[in-house]
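Visitor: I would like a close look at a single part of this model, namely the place where two helices pack against each other. Please set that part in the context of the whole chain.

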Amino acid sequence: MDNVDADKNEYIDYSDFLIASITLERAQILDYCKTAYEKFFKNEHESIEVSDLIEILCISKVMKPEFIRCVIAKIDDDDSQIVSASEFYTFIIDKLGLDVGLDDENT
Ligand SMILES: [Ca+2]
């Protein structure tokens, strides 16, 4: 647990814990972003049709279809029924309030 004790005071206080969990979440979110790109946007137009995206996400059964539709409608900013990679990542960064530093993800 050494890496959780950020200020090296030998105690893991609540803020250390929060920082650790946020870091973990960011790493996971970046991972999801990469997976999402491979899955949904690695094509000529770097985009996916809303209906296809709903279908794929419903197969996993992690979220309710109504919830998926609602979120995707928000991601599809211009209401084109096509989610582009930029719409997708803009949504993640804006709505989740993330400062993930996508440019240096390989460092
Ligand atoms: Ca769109």
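Guide: In this predicted model, the secondary structure of the chain amounts to four helices and two strands. Read from the N terminus, these elements follow the order α-β-α-α-β-α. Of the 107 residues in the chain, 5% are buried. Among contacts between residues at least 6 apart in sequence, 43% link residues at least 24 apart.

The part in question is the packing of helix H2, residues 50-60, on helix H3, residues 65-75. The two helices meet at an angle of about 145°, and their axes are 10 Å apart. The crossing of H2 and H3 is right-handed. On the H2 side, the residues in contact are Val50, Leu53, Ile54, Leu57 and Cys58. Their counterparts in H3 are Pro65, Ile68, Arg69 and Ile72. Sorted by class, this contact has eight nonpolar residues, one charged residue and no polar residues. The spacing of such positions can be read against a general rule: an α-helix has 3.6 residues a turn, so residues three or four places apart point the same way.

Two of the contact residues also belong to the largest nonpolar core: Leu53 from H2 and Ile72 from H3. That core has five residues in all, and Ile48, Val83 and Phe88 complete it. Ile48 falls within strand S1, residues 47-49, while Val83 falls within strand S2, residues 82-84. As a general matter, nonpolar side chains tend to be buried together in soluble globular proteins. Leaving aside residues up to four places away in sequence, Phe88 touches Ala36, Phe41, Ile75 and Val83. Of these, Val83 is a fellow member of the core, and Ile75 is in H3.

Other residues of the same two helices are exposed. Glu55 lies in H2 and is exposed, because 12 other C-beta atoms are within 10 Å of its own. The C-alpha atoms of Glu55 and Pro65 are 8.9 Å apart, although ten residues separate the two along the chain. Glu66 lies in H3 and has 8 C-beta neighbours inside 10 Å, so Glu66 too counts as exposed. Its C-alpha atom is 9.7 Å from that of Ile54, a residue twelve places away along the chain.

Helix H1 gives a contrasting picture. H1 covers residues 14-41, a run of 28 residues. From first C-alpha to last, H1 reaches 38 Å, close to the 40 Å expected at 1.5 Å a residue. The number of buried residues in H1 is zero, so this helix lies largely in the open. Ala36 and Phe41, both touched by Phe88, are within H1.

The loops leading into the two strands deserve a final remark on backbone geometry. In general, most residues other than glycine have a negative phi. Glu46, in the loop between H1 and S1, has a positive phi near 50°. With 13 C-beta neighbours inside 10 Å, Glu46 counts as partly exposed. Asp79, in the loop between H3 and S2, likewise has a positive phi, about 55°. Asp79 has 8 C-beta neighbours inside 10 Å and therefore counts as exposed.

Conventions. Residues are numbered from 1 along each chain as its sequence is written. This is a predicted model: local features need pLDDT of at least 70, side-chain atom pairs count only at pLDDT 80 or more; totals for chains, interfaces and linings use all residues. A nonpolar core is a set of buried Ala, Val, Leu, Ile, Met, Phe, Trp, Tyr and Cys residues joined through C-beta atoms within 7 Å. A residue is buried if 20 or more other C-beta atoms lie within 10 Å of its own, exposed if 12 or fewer, and partly exposed in between; C-beta atoms are placed from the backbone. Two residues are in contact if their C-beta atoms, placed from the backbone, lie within 7 Å. Axes are lines fitted to C-alpha atoms, for helices over the stretch in contact, and angles run from 0 to 180 degrees between N-to-C directions. A crossing is left-handed if the near helix is turned anticlockwise from the far one by less than a right angle, and right-handed if clockwise. Ala, Val, Leu, Ile, Met, Phe, Trp, Tyr, Cys and Pro count as nonpolar, Asp, Glu, Lys and Arg as charged, and the others, Gly among them, as polar. The expected span of a helix is 1.5 Å times one less than its number of residues.
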